[in-house]
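Good morning, and thank you for making time for this presentation. Please have the sequence and the model open as I speak.

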Amino acid sequence: MFQSTEQKNQIILYIIRSNLRRKLADLCFELEKSGENMSALDATRAELALAILFLNKAEARDKICRAIQYGSKYLSNGEPGTAQNVDKTTSLARKVFRLFKFVNDLHALISPTPPGTPLPIVALGKSKNALMSTFLFLDQFVWLSRTGIYKNKEGAELIGKISLYCWMAGSTCTSLIELAELGRLSASMKKLEKKLNNTDKYQNEEYLLKLKKSNDRTLALVKAVMDLGVAAGLLQLAPNKLTPRVTGGLGFLSSLISCYQLLPSSPKAKTT
């Protein structure tokens, strides 16, 4: 028996959310059983299942729209035309995806950090959560202004600038966190290499796991630096260098990285 209606609803919601994952797992099991006899149709089904799993994420759809937005900014280079219209309309549409998203960082802000995390990294992490939560909260007022609900134009412009400064500062914190974590990973990998002595380190699971984490953090660092450039470009802090085309290019590449980070892992199987 369920203790409460709320608990019952939470279980039902969990079942609905995990439905796609179960279907994908069943399909992967079928593919593993078929082995080398797997047909091209089965492989296509598996890839489509992964695509559905990816596209059903609200975050993934937001990042696809972000790639369209900044790709259009790159093409328009700030000049009036179709590309600029796509940039503006997609930017407005993305803000709907981000409604109440500030709750995620707010939750992370008040949640405990993993034991053993150095104090400077903890401080940077909490600062990042506070800044990103503020950015996403204030960005809702920008959406309200663009839809005509919030009438104070000057106030909306000021709020928009403050939110972008929060995003830029949050991206700076993210960059510093990734740099610090990469330093910690590098030190632990060197210690592990000494332990392994003359054995092949690429055959060691622990080393491979640390290497994957290092690659993931390097990619996250590149993305954070790009986002820092995008925020500075939108604030026009260096208009001669961070032109609309440069800002759009950085935003487009950052969006592609985000999409890659959200991709589900594909099953390994041979096709005939």
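Cys 166 counts as buried, since its relative accessibility is 11% and the cut-off for that class is under 20%. I should say at once that this is a predicted model. Cys 65 is buried as well, with a relative accessible area of 19%.

How many disulfides does the count give? It comes to 0 disulfides. For Cys 65 the reason can be stated directly: the closest cysteine sulfur, in Cys 259, lies 9.6 Å from the sulfur of Cys 65, which is too far for a bond. A pair would have to lie within 2.5 Å to be counted as a disulfide.

I turn now to the charged side chains. Side chains of opposite charge can pair when their charged atoms come close. The structure holds 13 salt bridges, and I shall take three of these pairs in turn.

The pair I begin with is Arg 98 and Asp 139, whose closest N and O atoms are 2.4 Å apart. Where do these two residues lie? Arg 98 sits in the loop between helix H4 (82–97) and helix H5 (102–110), whereas Asp 139 belongs to helix H6, so the salt bridge ties together parts that are 41 residues apart in sequence. Are the two partners buried or exposed? Arg 98 is buried, at 9% relative accessibility, and Asp 139 is buried too, at 6%.

Next come Glu 178 and Arg 217, which form a salt bridge with 2.9 Å between the closest N and O atoms. This pair also links distant parts of the chain, because Glu 178 is in helix H7 and Arg 217 is in helix H8 (residues 205–234), 39 residues apart. Glu 178 counts as buried, with 9% relative accessibility, while Arg 217 is partly exposed, at 27%.

My third pair is Glu 193 with Lys 201, where the closest N and O atoms are 3.4 Å apart. Both partners fall in the partly exposed class: Glu 193 has a relative accessibility of 31%, and Lys 201 has a relative accessible area of 24%. Elsewhere, salt bridges that share partners bring Glu 59, Asp 62, Lys 63, Arg 94 and Lys 101 together in one network.

Let me move to the packing of the helices. Two packed helices are described by the angle between their axes and the distance between the axes.

Consider helix H6 (residues 119–146) and helix H7 (residues 153–196). Their axes come within 8 Å and cross at roughly 155 degrees. Angles over 145 degrees count as roughly antiparallel, and H6 and H7 are therefore roughly antiparallel to each other. The crossing of H6 and H7 is left-handed. Which residue classes make up the contact of H6 with H7? The contact has 19 nonpolar, 8 polar and 4 charged residues.

Helix H6 also packs with helix H5. The axes of H5 and H6 come within 8 Å, with a crossing angle of roughly 155 degrees, which makes H5 roughly antiparallel to H6. The crossing of H5 and H6 is left-handed.

To draw these points together, helix H6 meets H7 in a left-handed crossing and H5 in a left-handed crossing. Helix H6 also carries Asp 139, the partner of Arg 98 from the loop between H4 and H5. Thank you for your attention.

Definitions and conventions:
Residues numbered from 1 in each chain as written. Predicted model: local features only at pLDDT ≥ 70, side-chain atom pairs only at ≥ 80, totals over all residues. Heavy atoms only, no water. Axes fitted to C-alpha atoms, helices over the stretch in contact; angles between N-to-C directions. Helix = DSSP H or I, 4+ residues; strand = E, 2+ residues; numbered from the N terminus. Parallel < 35°, antiparallel > 145°, perpendicular 65-115°, else oblique. Left-handed = near helix turned anticlockwise from the far one by under 90°. Nonpolar A, V, L, I, M, F, W, Y, C, P; charged D, E, K, R; others polar. Buried < 20%, exposed > 50% of the residue type's maximum accessible area, 1.4 Å probe, protein only. Salt bridge = Lys/Arg side-chain N within 4 Å of Asp/Glu carboxyl O.
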